[in-house]
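Got your viewer ready? Let's take a walk through this one together, a selection at a time.

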Amino acid sequence: MMSHRPVRPGRRPVLRLLGSVGVAAALALGVVTVTPALADTADSSGPALGTLVTSPVHAAEETAAGIDAGMLELSWRSYEPQPGVFDANYEKMMLSRYNALRNAGMHVTLGLGLHFTPDWVRNQPNGRFVDQNGKVSAEANLVFNNNLRTLAEAYFARINGAFGLSNFSAIRLTSGGLSEVLYPAGGTYWAFDANAQNGAGLPSSMPKNPFPGWKPGTAGLTAAQMTSWVNWYVGALADTVRWQAKSLQALGFTGKLQVLTPGVGVYARKVATWVSGNLPNGVLGVGAAWSILYQNLVGIPNVVAYISSVADGSNSNVGCSTTDSSVPLNDAATVWWSSTRWISRIADEYGFGKAGENPGQPAVTNIGGTANYLDGSSSGLMATTMSLARSCHLSTVYWAHDDAFWNGSIPLSRFAAYAGTPAATPGQVTVPGGPTTTSVMATSSSIGATSGTATTGSTSGSGTAAPATATTSRTSTAAPSTSATTAPATTAPATTAPAASGSATTTVTVTATTAPTTTTGSGTTSSTVVCKP
């Protein structure tokens, strides 16, 4: 019999199948009483702790250790392998895992697994993204294709009938075809399928493309018109999030809506730089302009700005400060903030909750690799992640991934030691290990974002492969050079960016700036998109 276990390529299975006795026991117990929802922000005891792709076998041990936020991720491909045909065996298996987590006393977060898209969905008319060069994506296009959204709604309804969406404490929201709120990788702009060009299949909730036919990287629009196009392009991702939220809440879900956003992307202050260069290829192509995205989500109940790249190395991982709320989103100081600090500031601006996860393997390749991931010192990935989480008052931190605690990589006690740890006063925690000085020189615009074969800080899978098993992997892909369309470089005298207040300080010495630069890497099903000034 074929197994449906999510497996990361080249690694051991993320989830272990329950033995026959475990499955029978879990099914016999059924669904337990609903546990309270997760909080929006950290209280005085610090953030709650959880794991991604949580093992049902060890759930009770983790709960006893104070790690009580579990995560269950489904695979649309495995659940509905043919149109309207749902795999009863897969459903039964995932229900048993869900019940094991709940019966262990965990708050369970649901990963919908839309990015594990069935081939029959991706092969629908206009079922994939198309960029300005005519390239067709591997990933499904739930952004501009209303028919695909309708198919997904039937999938949501099945999940609700089997699991009861109201039983979940949180649900992870993405752009659908990818495991975070992003367009496909590559740095180009993915709004050139028939529907994105104002075709009949464009969702009615989405505004019309203001300039159909215009292509980024070319002249023909004023700066104001290009800015309008950017707002529409990023706003289309927000519409996809809003559609999922509305659909799930209509089915009775009342928990937290975790909006998965990795890296710093394009700072609000830098959007004008991209516009001045006629929108060159780069990180803006994946839609990572978080200040625009979250502004478009105002009014949706229970939104959580979910940082799927905590401690990704952006701007020396500088933490939050007590004065951040007084800094405007378009202030020059923000371009020296880490992704955690930047997204946290945006969340505070619009009144959203905050949570996040660390970059999981193999996403840590660009930030010290496995050695950093396993490092138990005050400068290791876990300590840095928790320092940032407490500094920025995240409500919950999920470790990517759970299996690291059970395959001999990291002792569970190391993570459990943070359970109930008092939250730091903002500004008191920046980067573990004391003062550091980092010289930063930005270069010409480039990008490495999640490829179609892998995605976020939860589990993720290829948009092209269609095995019965979901997979998790991550690939960093350099985008095409933007030498012909790179925004004009601006050289400035060496300056020192203000450090976060507090006992530990980080000084960032700036030698020059040019068009935005990007790097990648993130946690379990997420990718990190980092754009330095």
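Start by selecting helix 6 and helix 7 (residues 223-250): their axes come within 11 Å and cross at roughly 35°. Helix 6 passes helix 7 in a right-handed crossing. To see the contact itself, show side chains for Arg149, Ala152, Glu153 and Phe156 on helix 6, which meet Asp239, Thr240, Trp243, Gln244, Ser247 and Leu248 on helix 7. Colour the contact of helix 6 with helix 7 by class and you will find 4 nonpolar, 3 polar and 3 charged residues. Keep in mind as you go that this is a predicted model.

**A glutamine in helix 7**

Stay on helix 7 and select glutamine 244. Is glutamine 244 buried or exposed? With a relative accessibility of 1%, glutamine 244 counts as buried. Now display what surrounds it: setting aside neighbours within four places in sequence, glutamine 244 is in contact with Leu112, Leu114, Phe156, Leu173 and Thr174.

**Helix 6 again, with another partner**

Keep helix 6 (residues 146-163) on screen and add helix 4 (residues 88-103). The two axes come within 11 Å and cross at roughly 55°, which makes helix 4 oblique to helix 6. The crossing of helix 4 and helix 6 is right-handed. From helix 4, pick Glu91, Met94, Leu95 and Tyr98; from helix 6, pick Arg158, Ala162 and Phe163, and you have the residues that make this contact. By class, the contact of helix 4 with helix 6 has 5 nonpolar, no polar and 2 charged residues.

**The disulfide**

How many disulfides are there to look for? The count comes to 1 disulfide. Select cysteine 320 and cysteine 392, which the disulfide joins with an S to S distance of 1.9 Å. Turn the view along the S-S bond: at 100° about that bond, the link of cysteine 320 and cysteine 392 is right-handed. Cysteine 320 sits in the loop between strand 8 (303-307) and helix 10 (339-350), and cysteine 392 in the loop between helix 12 (381-391) and strand 10 (396-399), so the pair ties together parts that are 72 residues apart in sequence. Switch on a surface and check the two ends: cysteine 320 counts as buried at 6% relative accessibility, and cysteine 392 is buried too, with a relative accessible area of 2%.

**Two pairs brought together**

Next, go to glutamine 295, which is found in helix 9 (residues 290-295). At 47% relative accessibility, glutamine 295 counts as partly exposed. Draw a C-alpha to C-alpha distance to glycine 235: glutamine 295 and glycine 235 are 60 residues apart in sequence and 9.0 Å apart in space.

For the second pair, select valine 283 in the loop between helix 8 (271-276) and helix 9. Valine 283 is buried, with a relative accessible area of 0%. Add glycine 186: the C-alpha atoms of valine 283 and glycine 186 are separated by 8.5 Å, although these residues are 97 apart along the chain.

**Backbone stops**

Time to hide the side chains and look at the backbone. Most residues other than glycine have a negative phi, and most peptide bonds are trans. The following stops go the other way.

- Select glutamine 361 and proline 362, joined by a cis peptide bond with omega of about 5°. Proline 362 is found in the loop between strand 9 (353-357) and helix 11 (369-374).
- Select alanine 400 and histidine 401, also joined by a cis peptide bond, with omega of about 5°. Histidine 401 is found in the loop between strand 10 and helix 13 (412-416).
- Select asparagine 198, where phi is near 75°, a positive value in a residue other than glycine. Asparagine 198 is found in the loop between strand 6 (170-173) and helix 7, and at 25% relative accessibility it counts as partly exposed.
- Select asparagine 315, which has a positive phi of about 45° although it is not a glycine. Asparagine 315 lies in the loop between strand 8 and helix 10 and counts as buried at 3% relative accessibility.

**Zoom out**

Finally, bring back the whole protein chain, with its 13 helices and 19 strands. Buried residues make up 61% of the 533 residues in the protein chain. Among contacts in the protein chain between residues at least 6 apart in sequence, 79% join residues at least 24 apart.

Key. Residues numbered from 1 in each chain as written. Predicted model: local features only at pLDDT ≥ 70, side-chain atom pairs only at ≥ 80, totals over all residues. Heavy atoms only, no water. Axes fitted to C-alpha atoms, helices over the stretch in contact; angles between N-to-C directions. Helix = DSSP H or I, 4+ residues; strand = E, 2+ residues; numbered from the N terminus. Parallel < 35°, antiparallel > 145°, perpendicular 65-115°, else oblique. Left-handed = near helix turned anticlockwise from the far one by under 90°. Contact = heavy atoms within 4.5 Å. Nonpolar A, V, L, I, M, F, W, Y, C, P; charged D, E, K, R; others polar. Disulfide = S-S within 2.5 Å. Buried < 20%, exposed > 50% of the residue type's maximum accessible area, 1.4 Å probe, protein only.
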